[in-house]
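Welcome, and thank you for taking a look at this structure. The report below walks through some of its features one region at a time.

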Amino acid sequence: MQSESETSVRLRFAPSPTGYPHLGNIRTALFNWFFARHHGGKFILRIEDTDIARKVEGAVEVILDSLRWLGLDWDEGPYFQSQRLPIYHEIARKLLEEGRAYLCYCSPERLDTMRQEQTKRKQPPKYDRHCRDLTQQERTRLEATGITPVIRFKTPLEGETNFHDLIYGQITFKHDTLDDFVLLKSDSYPTYHLANIVDDHLMSISHVLRAEEWLSSTPRHVLLYQALNWQPPQFAHLPMILGPDRAKLSKRHGATNINEYQKQGYLPDAMINFLALLGWSIDDRTELLSKEELIKHFSLERVGKTAAIFNKDKLEWMNGVYLRKLSLGEFVQQAMPFLDRELPESVRRPLDENYVSEVLSLIQERAKTLAEVPQLASFFFLDELQYDTGLFLKRKMDAKSAAEAITIASRKLEKVATWDAATLEGILRLLATELNLGTGEFFGLLRVAVTGRTAAPPLFQTMAVLGKVKCLKRFDMALQLLSTCL
RNA sequence: GCCCCCAUCGUCUAGCGGCCUAGGACAUCAGCCUUUCAAGCUGAAGAUCAGGGGUCCGAAUCCCCUUGGGGGCACCA
C-alpha cells in the first residue's frame with residue numbers, strides 16, 4: 001500500500017516571474033523538493049506567468065539559476081502557463097456551459113467604487129454578484145456594448161467547505177464569506193485560481209506544499225475541484241517566513257532575494273541547511289545536516305505551524321561552519337571569483353593560484369562569508385599598505401622605541417636564510433627577550449608593520465606566506481612612516 | 001470591517017498528559033587557550049511555556065474565553 005502511493009508522489013514548485021525568488025519562495029521549493037526526493041517521487045517546475053502586467057524581464061532565468069545553484073534539480077518542466085492558454089479556455093468554457101461559472105461585464109471602475117463603499121461601510125470587500133443572474137435581455141444588451149467580459153466562478157451561496165491540511169489540520173470556510181472570484185481575465189489569461197488547479201490536476205500533482213498565505217484561497221480551489229469533478233491533491237501549507245519586523249518578507253527587508261545571498265558568498269549547502277530549519281526540525285539538538293540527511297529525514301509531521309523570523313546571525317554562523325568544512329582546494333575554488341572581483345585593479349591578474357592557496361589557508365577559518373575574503377586577505381596582495389599611524393602609536397611604546405624595535409628586527413631578519421614560520425618564530429621570540437619586550441607588545445608591533453592592521457592571521461605564518469622581500473619592504477615602509485612622527 | 005491561522009528564552013526550535021525545578025542552537029557575557037583576530041573548549045545569563053478559566057490524581061502539552069501577532073479579502077500571484 002505504501003509503495004503504491006509512493007510511486008505517484010508528484011510535487012511541484014510553481015513560482016510566478018513577477019520578481020526574483022526570495023527566501024520564502026526558496027524555502028517552499030526546498031520543502032517540495034525534500035518531500036519529492038524523500039518519497040522517490042517527481043519534482044516538477046512550473047512557471048505561473050499569467051500576469052503579463054507584472055511580469056519581470058529575466059525573472060525566469062533568475063529562478064532557474066537559483067534552483068540550479070542550490071542543486072534543486074527538477075524532473076519535469078519548466079512548464080509555462082502562458083503556453084497553455086487553450087487548456088484554461090476549454091475548462092472555463094466547460095464551467096460556463098455547466099452553469100458553474102458566468103460572464104461578468106462589470107467594469108474595473110464599478111468594482112473599484114463598489115469596494116470603496118463597502119470598506120467605508122466597514123463591510124468586507126466582496127464582489128456583489130451583479131452579473132450572476134443577468135436576464136437574457138440584459139446579457140444581449142451588454143454583449144452589444146463590446147465589453148470583453150471576465151468569467152467568474154459561481155460560488156455556492158450557502159453551506160461550507162472543509163478540507164484537511166497536512167500541517168494545519170481540519171479547516172472550514174463558510175461559503176458566505178467567499179465571493180465569485182474571477183477565473184478568466186479579460187485579457188484571456190487565467191487567474192491563479194484557475195490555472196493552478198487545472199495544471200495541478202493535469203500534471204497529477206499529489207501534494208501541494210505552498211506558503212500559508214494561500215490557506216484562505218484553498219476553499220476556492222477545493223470548490224473548483226468539486227465543480228470539475230476532480231480529486232483535489234493533498235494540501236500542506238507551510239508556515240510563513242517573516243522579516244525582523246514580523247511582517248511578510250518584502251524588498252524593504254533588505255536582502256531577501258536568494259541571489260543576493262549567492263553574491264554575498266553564502267554556500268548553497270549552508271543556505272539549504274539553514275532554510276530547512278526554518279519551520280522544520282529533526283530533533284531537539286541536531287542543527288547541521290547535509291542535503292542527503294535532510295532528504296532522508298524530511299517529514300511533514302515535523303513541520304511546525306508558527307511563522308519564523310529570519311535570523312541572519314545564525315545563517316552567518318552556519319555559513320562559517322560550512323566554509324571551514326571545505327577542503328582548502330574547494331575553499332580556494334569558491335573564493336577565487338570573489339578575490340578576482342574585489343581585489344583592487346593594481347593587483348596583477350591572473351592571481352597566482354599557489355600563492356592564493358597559501359593565503360587562504362590562513363583566511364579560511366576567519367571568514368563567515370566568501371564576500372569577506374578579499375577584505376580579510378587584501379594585505380597579502382597589495383604592494384603598498386595604507387598605514388594608520390594611530391595603530392603604531394596606540395601601543396604603549398612611543399614612536400622612537402617602536403622604530404628601534406622594528407629596525408633591529410629588520411636587520412636580524414635580513415640574514416635569515418630559511419624563511420618559514422618556525423624559524424621566524426624562533427628568532428623573533430629570542431629577540432623579544434633580548435629587547436626585553438613582551439611578546440604581545442613586540443609581535444603586535446610587527447603585525448601592524450607587516451599587515452597594516454591589529455587583527456590578522458598569526459604573525460609568523462603570515463610572514464612566511466608573504467615572503468622575505470615583501471616583509472622587509474614593509475618594515476622599511478613602516479619605519480619611514482614612524483620617522484615622520486619623531 | 002469580515003474570514004482563516006498561529007502563540008515555549010531576543011531569534012530558530014525540542015516538547016505531541018507525568019522523563020520539564022522546560023532541552024538544544026544562534027546572538028550576548030565571562031573564563032580558558034593564545035602574539036592579535038578567528039576557531040575551539042568551559043561556564044553564565046536568558047522563557048512564571050501570552051493571560052484567565054476549566055478537564056484531569058497530574059497540563060507547556062486537552063477544551064473554552066481574552067489578548068497579541070500573522071495571513072487573506074484584486075480582471076496579483
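Leu343 sits in the loop that links α13 and α14. Keep in mind from the start that this is a predicted model. With a relative accessible area of 5%, Leu343 is buried. Apart from residues up to four places away in sequence, Leu343 touches Phe338, Arg349, Leu351, Pro374, Ser378 and Phe381. Its C-alpha atom is separated by 59 Å from that of Asp180, and the two residues are 163 places apart along the chain.

The loop between α13 and α14 also holds Pro350. The peptide bond that joins Arg349 to Pro350 is cis, with omega about -5°. Another cis bond runs from Gly77 to Pro78, where omega is near 5°. Pro78 belongs to strand β3, residues 76-80.

**Helix α15 and the nonpolar cores**

Three of the residues named above as contacts of Leu343, namely Pro374, Ser378 and Phe381, lead us to helix α15. How many of the residues of helix α15 are buried? The count is 7 of the 9 residues in this helix, which spans 373-381, so α15 is largely enclosed by the rest of the structure. The buried ones are Val373, Pro374, Ala377, Ser378, Phe379, Phe380 and Phe381. Their cover includes α13 (328-342), α14 (353-363), α19, α20 (459-466) and α21 (468-483).

Which residues touch the most other members of the largest nonpolar core? They are Phe380 and Phe381, in a core of 150 residues. Helix α2 supplies the largest share of this core, with 9 residues. A second, separate core has 12 residues, among them Cys104, Tyr105, Cys131 and Leu142. Back in α15, Phe381 is in contact with Leu339, Leu343, Val347, Leu351, Tyr355, Val356 and Val359, leaving aside neighbours within four places in sequence.

**Two helix pairs**

Next come two pairs of packed helices, set side by side here.

| Helix pair | Angle | Axis separation |
|---|---|---|
| α2 (residues 23-38) and α10 (residues 268-276) | about 85° | 10 Å |
| α17 (residues 399-414) and α19 (residues 439-451) | about 80° | 10 Å |

In the pair of α2 and α10, the packing angle is about 85°, which means that α2 is roughly perpendicular to α10. On the α2 side the residues are Leu23, Ile26, Arg27, Leu30, Phe31 and Phe34, and they meet Met271, Ile272, Leu275 and Ala276 of α10. Sorted by class, this contact has 9 nonpolar residues, no polar ones and 1 charged residue.

For α17 and α19 the angle is about 80°, and therefore α17 is roughly perpendicular to α19. Here Ala402, Ala405, Ile406 and Ala409 of α17 make the contact with Phe442, Leu445, Leu446 and Ala449 of α19. By class, the contact of α17 with α19 has 8 nonpolar residues, with no polar and no charged ones.

**Arg129 and Asp179**

Arg129 can be found in the loop between α5 (108-120) and α6 (136-144). Leaving out residues up to four places away in sequence, Arg129 touches Tyr102, Thr155, Leu157, Leu178, Asp179 and Asp180. Arg129 and Phe181 are 52 residues apart along the chain, while their C-alpha atoms are separated by 9.7 Å.

Asp179, one of the residues that Arg129 touches, lies in the loop between β7 (169-174) and β8 (182-184). Is Asp179 buried or exposed? Its relative accessibility is 14%, so Asp179 counts as buried. Beyond its neighbours within four places in sequence, Asp179 is in contact with Lys126, Tyr127, Arg129, Thr155 and Arg220.

**Cysteines**

The count of disulfides is 0. Cys104 is in no disulfide, and the nearest cysteine sulfur, which belongs to Cys106, is 3.8 Å away. Cys104 is buried, at a relative accessible area of 1%. Cys471 also counts as buried, at 0% relative accessibility.

**Positive phi values**

Two residues other than glycine round off the tour. Ser188, in the loop between β8 and α7 (192-202), has a positive phi near 75°. At 30% relative accessibility, Ser188 counts as partly exposed. Arg246 has a positive phi near 65° and is placed in the loop between β11 (241-242) and α9 (258-263). With 60% relative accessibility, Arg246 counts as exposed.

Definitions and conventions
Residues numbered from 1 in each chain as written. Chains lettered and ligands numbered in written order. Predicted model: local features only at pLDDT ≥ 70, side-chain atom pairs only at ≥ 80, totals over all residues. Heavy atoms only, no water. Axes fitted to C-alpha atoms, helices over the stretch in contact; angles between N-to-C directions. Helix = DSSP H or I, 4+ residues; strand = E, 2+ residues; numbered from the N terminus. Parallel < 35°, antiparallel > 145°, perpendicular 65-115°, else oblique. Contact = heavy atoms within 4.5 Å. Nonpolar A, V, L, I, M, F, W, Y, C, P; charged D, E, K, R; others polar. Disulfide = S-S within 2.5 Å. Buried < 20%, exposed > 50% of the residue type's maximum accessible area, 1.4 Å probe, protein only. Core = buried A, V, L, I, M, F, W, Y, C linked by side-chain atoms within 4.5 Å.
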